[in-house]
Every structure is written in structure tokens, then in C-alpha cells.
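Hi,

Here is the structure we talked about, with my notes underneath. Have a look at it first and then read on.

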Amino acid sequence: MERTEYNLIIIGGGPAGLAAAVAAYDAGERSILILERETRLGGILNQCIHNGFGLHTFQEELTGPEYAQRFIDKVLERGIEYKLDTMVMSIGQGEDGSKEVMAVNEADGLLLLKARALILAMGCRERSRGALNIPGFRPAGIFSAGTAQRLVNIEGYLPGRRVVILGSGDIGLIMARRMTLEGAKVLVCAELMPYSGGLKRNIVQCLDDFGIPLKLSHTVVRIEGKERVEGVVIAQVGPDRKPIPGTEEHYDCDTLLLSVGLLPENELTIGLGAEISRITNGPVVNESLETSVPGVFAAGNVLHVHDLVDYVSEEAHLAGERAAEYITACKDAMCAPPEKEKQIPVAFSGGIRYTVPCTIDPDKIGDWLKIRFRVGDVMTQRKVVLCLDSEPVLVKKRRVMAPGEMEELVLTRKVLAAHPDLSSIEIRIEEDKA
Amino acid sequence: MYDVIIVGAGVTGCAVARFLSAFKGSFCVLERTEDVCSGTSKANSAIIHAGFDAAHGSLMAKYNLLGCRMYPELSKELGFSYKNNGSLVLALSEEDIPKLEALMENGIKNGVEHLEIVGRERLKELEPAVGHVPVAALYAPTAGIVCPFGATIAFAENAFTNGVEFRFNTEVKGLTRSEDSEGNSFWIVQTAEGVLRTRAIVNAAGVYSDILHNMVSANKIRITPRRGDYLLLDRRTGGYVQHTVFQVPGKFGKGVLVSPTVHGNTIIGPTAEDIEDKEGVDTTSEGFDDLMEKAGLAFDDLPLREVITSFAGLRAHEARHDFILGEASDAPGFFDCAGIESPGLTAAPAIGKEIAQELAEKLGLPANPDFNGKREGFIDPKALDLPELAELIKRKPEYGRIVCRCEQVSEGEILDAIRRPLGAKSLDGVKRRVRAGMGRCQAGFCSPRIMDILAEELGVDVADITKSGGHSEVIVGLVKDRV
């Protein structure tokens with residue numbers, strides 16, 4: 001009889017799921033199952049064959065598959081169970097507070113699994129052309145950057161020879177270089193916003209080094225070609241992000257790559273009934289990365305889109321530890337007894353778009369907690385101020401802040417200790433006049 | 001020598017083929033593209049109209065009503081998705097109410113049953129999402145929604161299994177009448193793939209039906225492609241509207257519809273713009289703005305953030321705004337199904353039945369003793385209960401391998417789409433049959449896998465796999481092949 005009950009089921013065997021599994025195991029949890037929809041562990045890292053991963057985690061520059069392998073090895077060393085080629089169709093809660101997972105694969109058929117805790121680590125997907133309402137025909141030759149990356153790096157196929165890229169997200173920048181190295185001509189990278197959506201280092205290494213122009217405040221206004229892309233028209237946009245008539249430029253090309261944003265993939269989370277943030281499109285979580293459904297945790301790009309996998313691993317580590325603690329608190333029941341919670345919302349202002357976590361119970365912070373956030377616009381000469389009960393307790397100077405680079409603040413137990421009856425937490429960005 | 005050649009494998013041509021296959025004879029469908037349902041039939045509102053709109057006495061009114069009544073039974077016989085969800089025509093101001101009354105009166109004359117004008121209160125009960133503007137509505141409970149791909153493919157597949165031949169990538173270039181030694185007239189059909197002979201022709205060529213008609217008849221017709229843009233919303237919005245919600249043409253213009261689809265998406269559209277290009281299915285930003293503005297009159301909180309794709313379709317509009325059906329007066333053996341615009345999808349099976357009957361009489365075709373009007377639809381694992389699903393995967397493990405994660409489509413379904421008679425040959429062909437790639441990521445994740453499956457099943461190189469036939473190859477070669 002196939003085993004159907006686990007303490008912890010982790011949905012997704014990419015960087016977040018792997019790191020969470022290892023952390024939960026190291027926190028003492030032994031009944032863990034990872035469910036992965038692809039044919040191998042590692043998630044999207046498997047197609048990210050460029051280097052630059054792991055500088056924070058391993059103080060080394062690794063490729064994506066190498067970085068993934070480090071964690072896969074840890075999972076294998078610990079003998080953590082996993083199932084590949086397994087698609088989770090839905091998750092829910094049983095009457096006894098257990099978490100129910102319905103999945104399918106070829107070998108086991110239909111799987112109806114139960115767990116005390118879940119970690120959501122499904123990652124994200126790319127925003128598609130349809131979501132952008134780009135007018136024109138719908139020929140072949142329009143790819144999201146990640147799809148092109150898979151075609152090139154995993155399948156060995158060349159998606160096109162003359163390429164225009166819309167959006168300056170990191171995958172688009174990486175693919176500008178990749179397509180060039182594989183023999184394609186990348187004509188231009190157009191970005192709707194007046195700033196790039198990707199990391200500075202990628203602009204330099206992937207565009208500048210290859211002489212590929214980056215056109216900020218530009219967008220695609222027309223796609224030509226009925227069967228295969230034959231050209232695109234790019235125009236400058238005004239402050240309202242609407243195309244300015246008369247600025248249209250035509251590019252002869254056979255391919256349009258889109259790198260216009262990533263969306264956390266939370267269909268399962270929505271089905272479960274967990275609260276979702278309108279800003280991040282990820283679940284709303286507390287300091288333990290626990291969603292509004294107790295015992296269900298989230299980490300990595302399913303929670304909010306990250307720039308660096310190192311931060312995904314770190315975040316997932318916390319989720320793994322906290323899930324293990326939750327399971328301990330369950331004792332013999334399928335869920336932990338409800339606690340009297342002292343959740344304080346993290347308030348923010350001065351251009352911050354969101355924070356993860358959204359709420360904090362000060363009693364549940366270990367030695368430290370990282371609060372991650374993004375800003376909505378490029379800002380220079382700023383300071384980030386953390387206030388506890390309106391008292392500034394931490395000031396971090398930032399010369400430049402940009403939407404493409406995730407920010408963080410570390411809240412330590414020591415700082416918290418001075419505020420035993422804490423009732424408000426606020427993060428502000430202020431001009432740094434000094 | 002064929003008895004009948006049908007030109008065009010859209011919903012009308014395929015419906016004619018299906019009903020014709022109930023008779024004994026040799027029949028062939030010629031299609032200029034690589035697949036059935038790849039013109040007007042694939043890009044429309046997917047609505048089964050109740051029949052109150054078409055002018056009383058018109059062919060549109062007659063076949064709309066007949067078609068609307070055929071769909072519930074046909075969908076079961078032929079295994080495609082149809083839902084009787086009812087429709088509402090909204091009055092956006094008190095001034096519009098007489099227009100609702102006129103529509104209702106026209107509908108009653110046309111024979112539409114159960115029509116009712118409902119006030120705002122009842123309207124909100126029927127359709128809670130309706131916004132603050134609408135004051136009343138015409139409720140037509142007999143209206144429905146259908147999967148236009150599913151219906152067309154079902155008609156075609158059933159026709160095929162009953163002996164109708166299909167030739168794809170076969171555009172008709174010329175038509176001439178001739179006579180054999182015994183004085184029987186027949187048609188010589190020049191195609192891109194050679195010359196064919198047939199006793200009768202059915203013109204179901206959609207936006208090209210004027211070109212075909214005008215090859216043989218002195219009574220010229222002109223079909224204007226009338227483009228309509230659409231927005232399709234994520235299945236997450238399923239249930240936002242229950243009914244197909246139209247707006248009565250009024251001071252705000254013609255209005256657009258907001259409707260659920262049979263697969264749980266929400267569709268908004270269409271715009272209406274007359275164009276010259278018979279392949280001009282490009283969308284416009286003006287069109288999108290127009291749709292959002294007009295749909296916003298009926299609903300206050302349309303989830304427009306959830307748009308997953310947009311597309312445009314071409315209605316085959318004829319100036320008289322009625323279907324042109326039957327044998328052309330000056331071209332014996334040439335049967336028109338021209339000017340099939342809305343409510344063409346609704347009318348298609350009724351037109352198909354009628355034209356097949358006329359052809360059989362004209363050509364003296366006996367009934368086909370082997371005709372089997374039933375067709376098993378694609379297995380939809382999502383429609384099964386858990387024990388059935390478990391049993392299916394045990395029996396056919398490929399149904400346990402999910403390829404398209406957004407629509408949760410398994411390899412089993414994709415293989416079924418390819419291996420069936422008249423199976424899919426392209427990514428869009430797979431998409432139209434079993435929805436792989438139809439979801440929110442728009443094939444980003446699954447297309448590489450589906451390309452591999454197609455290549456293996458069809459025995460071709462992956463580089464030859466197309467999005468939608470012709471020169472729509474997805475990839476241009478292998479990496480470094482020219483470095």
C-alpha cells in the first residue's frame with residue numbers, strides 16, 4: 001500500500017522546495033515528501049546555465065544547475081523522499097485540520113495525500129503577450145524569454161535569428177547574450193519604464209558588452225507577420241506610458257522575446273483559500289512565512305519574485321524550520337492547536353510597494369528576521385528607517401534604490417528586546433540630505 | 001469524380017459534411033489551411049443565440065432558431081462542450097426599454113420561446129455582477145454557449161468516420177463547368193494540389209465565399225471581412241457572469257458582450273470594423289480600449305487585470321446582412337453557404353442539414369446504410385470523479401502525465417488530439433482540440449514538450465513543427481547551426 005500520510009509535503013522541487021526540505025530535516029523532521037512536476041529536481045535553475053549563482057550562499061560563482069545540485073545532494077544525503085513528474089492538481093484542508101493534496105503521475109496514478117504541514121514552493125511563471133494587450137497579429141516567433149531559454153539551453157533549438165526583446169527583466173537580458181552567443185542577432189531591448197527591470201550587472205554583462213542597445217521608455221506597438229514574425233514596431237512612450245505618435249521605429253526581425261515580468265504561480269494557493277496579496281500576487285504571510293491558512297507555509301518565487309536564488313534559499317530555510325516547529329506543535333493531531341497570536345502589521349511608506357513578511361509576531365522571531373521589500377520607482381540618496389512604536393531603531397543609507405533590486409532590513413531580537421510591549425512596526429524611506 | 005466537394009472546413013462546411021455523410025456518395029472537403037476550424041469559426045463569441053435578433057423572415061432568423069434547438073442534442077451525440085446558460089440583453093437607460101420590447105416582439109415572431117423582459121431587481125438576481133447602469137434586460141433562457149473548435153472538429157471527425165474525405169492545404173484556384181459525353185454537367189476544380197472533378201460544389205469558404213461564388217455566377221456578391229477584437233480572461237474569473245450579457249444598441253453605440261465560455265473563462269467582445277484584408281486578424285489597441293470602455297457600461301468591476309489573451313476574428317459580412325444559401329440560380333450544382341456571419345455558428349448545423357438534404361435530392365443520393373451519427377468526444381479527465389480518474393490513469397498512464405500545467409492537460413489528451421482521425425498537426429491544432437497552451441501562461445511552459453510530442457507522433461523533425469501550419473515554424477534551427 002502506497003504511503004499517503006506525511007508530516008510535511010513540499011510542493012515544488014526547485015531551489016525553494018529543496019532548501020525548505022533540507023532545513024525541515026535538519027530541524028528534526030523526518031517525514032517529508034517533495035512533489036516535483038518536472039522530470040528532475042532543481043526547477044528553473046536547470047535551464048539557467050549562466051554563472052553568477054551562489055555568491056552569497058557558497059561564496060562561489062556557480063551555474064544554475066551547479067547551484068541546484070548542491071541542494072539536490074543535500075536532499076539525497078538525507079534520504080528525503082521525492083516524487084518527480086508529479087503534478088499537484090489541488091490542495092485543501094480536511095475536517096481534522098490536515099492538509100490534503102491531490103496529485104497525479106504516471107507511476108502512481110491518482111495520489112490522495114495528507115500532511116500536517118505544507119510548504120508552497122511552486123515558483124512563478126512569465127507574464128505572456130496576452131496579458132500585455134500588445135496589438136497586432138499572432139504569428140509564431142513570439143516567446144517569453146524563459147521559454148526561449150528552455151528551447152536553447154535544454155532542447156538545443158534556436159528560436160530565431162533576428163531578435164527584438166521587449167522588457168528588461170533579468171531573463172530577457174540573459175537571453176540577449178545567450179541568443180547572441182548562439183548565432184542570433186539581437187537588435188534592441190525595449191523597456192516600457194524609464195529604468196531597467198533587471199539587475200545592473202546583467203545590463204552591463206549581457207547588453208553593453210555585446211553592443212545591444214537598451215531603449216528605456218519604449219514599447220512594442222505592433223507585431224507584423226501572419227505566419228512567422230516579420231517585424232515589430234517600437235515607439236517611445238510618454239510619462240503616461242502611452243506611445244508617442246511619430247516616434248515609431250520598424251525593426252525587421254523573426255522573433256520577439258518578452259521579458260515583462262514574472263507572476264507567482266498561486267492557483268493552488270487560491271484554491272486552498274489562502275489570502276493573496278494584490279501587489280506581489282503571492283500569499284500574505286507572517287514572520288514564519290505562514291500563509292493565512294495555519295500550517296501552510298510559502299517560500300521563493302511563489303511568495304514574491306526574487307532577483308537572486310541565494311535569497312530564495314535563505315527564505316526557504318526559514319519556511320522549512322518553521323514548518324518543522326509547527327509539526328512538533330501538532331503532537332498527535334493533524335494540525336497545531338490555535339495560538340493566541342500577536343500579529344503586528346508591517347506598515348510602510350515612502351515608495352515601498354510591499355514587504356515580506358506582511359505581519360510579525362515579535363515573540364516568534366529567532367535571533368533575527370529579514371524583512372524583504374521592493375520600491376516602486378528609482379530613488380537616489382535615501383535612507384531606510386525602521387521604527388518600532390514610532391521610534392527609529394535602525395537606519396540604512398541607500399545611494400540608489402530601484403524596483404529591479406530587492407531590498408532587505410534585518411530586525412534582530414536584541415532590537416526587539418527594548419520594546420517588550422510592541423504595537424507598531426513601520427518601515428519608511430526618507431530623503432538622505434546628509 | 002466526386003458527388004460533392006465542399007470548399008471550406010469551418011463550422012458550416014463541416015456541418016454540411018457531417019449531414020451529407022448520412023447519404024451514400026463520394027464527398028470531399030477542401031481546406032486551404034492545415035486544419036479544420038482555422039478561419040472565422042475559430043475566433044468568434046462562441047455563442048448559441050436564442051434567435052430574437054435576426055430580422056423576422058430572414059434566413060438568419062430561420063436557421064438561428066433551428067440551430068439553437070439542435071445544439072443540446074447534437075453536443076451529446078457528437079461529444080462536444082455546450083451549455084444552455086441563457087442570455088440577457090441589457091438596457092443601459094430607460095430610453096432603451098422600447099428597444100428591448102421591439103427585440104422581444106421580433107423574437108416571438110421568430111418563434112423564440114420563454115422570452116421575458118426583466119426589471120433591474122430581477123436582473124440583479126439573475127446576474128449579480130451587473131453594474132449600476134443597466135435598468136432592465138431581455139432574458140432569453142434558451143441561449144447557450146459552445147466550444148466552437150469542439151463543435152467544428154466533432155462535425156468533421158464524424159463526417160470523416162462516415163466516409164467523407166478531407167484535403168488540407170488545398171486552396172481552390174479555379175472552377176469551371178463541363179459536361180460529359182452523356183450531357184451530365186460537372187465541375188472542374190483547380191486546386192493548389194491538382195485538378196478534381198465533382199458533380200456539385202458547396203461554397204462554405206467563409207470570408208472567401210464571394211471569390212468562389214463570383215467565379216461561377218453573374219450575380220456578384222461581396223463579402224466584407226468585418227473584424228472583431230476580443231479579450232479572453234483567466235479561468236479564475238469563471239463565474240463572474242453566468243449568462244451571455246449583451247447590450248442593446250443605443251446611445252452608447254452597438255455595445256459588446258460579456259460571457260462565460262464553456263471552459264470557464266470570461267470573453268469580452270467583439271468590436272466591429274470593416275476591412276479589406278481577408279486575413280486581417282490583427283488586433284488594435286483602439287479595439288482593446290473600446291471593448292474595455294463598453295463592457296464597463298454593463299459591469300462596474302470587470303476583472304480586466306485577468307486578461308490572458310486577445311484575438312481578432314473576421315465575420316463574413318454581406319451587404320444584405322443575410323445568409324446566402326442554396327443552389328445559385330445561374331450555376332446549377334453550385335450551392336452557396338455564403339455570408340455566414342453571426343448567428344452563423346448557431347445556424348451551422350441547421351444549414352448543414354438543409355444543404356445536405358438539397359444536395360441529396362438534386363443528386364439522387366440514397367441514405368448511407370452504414371451512417372453512425374455518434375462520436376465519442378475527447379476524454380476530459382477533469383470531468384471525471386476521483387475513482388474514475390484513478391481508473392483511467394491506471395489503464396492509460398499517459399493521462400497521469402500533465403503537460404500543460406495551466407489547463408492541467410495530460411499527455412494522454414494531447415496524444416488523443418494528434419492520433420484521432422483529422423488529428424492535430426500543429427501547436428494551435430492541439431490547443432484547439434484539448435486546450436493545451438490555452439491557459440494563463442499561453443503555452444510558455446508546455447510548448448517545447450508539445451513540439452516534441454508532435455514531432456515524434458508525426459514522424460517529422462522538430463524544426464518542421466508549426467504554430468498553425470504554413471510557414472509558422474516555431475524554431476528556426478538548432479543552436480550554433482550557423483556559427
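How many Å separate the centres of domain 2 of chain B and domain 3 of chain B? Taken over C-alpha atoms, the answer is 32 Å. Before you go further, keep in mind that this is a predicted model.

**Domains of chain B**

The domain assignment splits chain B into three. Domain 1 is pieced together from 2-40, 149-222 and 321-363, domain 2 from 83-145 and 224-316, and domain 3 is 381-464.

Domains 2 and 3 of chain B do touch: seven residues of domain 2 are in contact with seven of domain 3. Together they bury about 630 Å², and carbon and sulfur atoms give 40% of that. On the domain 2 side, R235(B), H263(B) and I308(B) lose the most area to domain 3, together 65% of what that side buries.

As for polar pairing across this interface, there are five residue pairs in polar contact. The domain 2 side that touches domain 3 is made up of one nonpolar, three polar and three charged residues. Two salt bridges cross between these domains. D234(B) and R440(B) are joined by a salt bridge through their side chains, with 2.7 Å from N to O.

**Where the chains meet**

R440(B) is worth finding on your screen, as it also takes us over to chain A: its side chain meets that of E267(A) in a salt bridge, at 3.5 Å from N to O. Between chain A and chain B the count is ten salt bridges, and 22 residue pairs are in polar contact across that interface. On chain A's side, helix α4 (residues 145-155) gives the most, with five residues. By class, the side of chain A that touches chain B has 22 nonpolar, 13 polar and 19 charged residues.

How much area do chain A and chain B bury between them? It comes to about 4600 Å², with 55% of it on carbon and sulfur atoms. In terms of residues, 54 of chain A are in contact with 54 of chain B.

Another charged pair between the chains is E265(A) with R405(B), a salt bridge of 3.2 Å from N to O. Here E265(A) sits in the loop between β19 (262-264) and α7 (267-272) of chain A, while R405(B) is in the loop between β21 (402-404) and β22 (409-410) of chain B.

The chains also share some strand pairing. Strand β11 (residues 157-158) of chain A runs antiparallel to strand β23 (residues 477-478) of chain B, and two bridges join them. Y157(A) has L478(B) as its bridge partner in β23(B).

**Within chain A**

For a pairing inside one chain, look at strands β25 (residues 379-388) and β26 (residues 391-401) of chain A, which run antiparallel and are joined by nine bridges. M379(A) is paired with M401(A) in β26(A). The two strands form a hairpin with two residues between them, and D389(A) in the turn has a positive phi of about 45 degrees.

Chain A has salt bridges of its own too, including one between E155(A) and R150(A), where the closest N and O atoms are 3.1 Å apart. Over all chains, the structure holds 65 salt bridges.

If you only have a minute, start with R440(B), given its salt bridges to D234(B) and to E267(A).

Cheers

Technical notes: Residues numbered from 1 in each chain as written. Chains lettered and ligands numbered in written order. Predicted model: local features only at pLDDT ≥ 70, side-chain atom pairs only at ≥ 80, totals over all residues. Heavy atoms only, no water. Domains from an automatic or database assignment. Contact = heavy atoms within 4.5 Å. Buried area = accessible area lost by both parts, 1.4 Å probe. Salt bridge = Lys/Arg side-chain N within 4 Å of Asp/Glu carboxyl O. Polar contact = N/O pair within 3.5 Å; in protein donor to acceptor, adjacent residues only side chain to side chain. Nonpolar A, V, L, I, M, F, W, Y, C, P; charged D, E, K, R; others polar. Helix = DSSP H or I, 4+ residues; strand = E, 2+ residues; numbered from the N terminus. Pairing = 2+ DSSP bridges.
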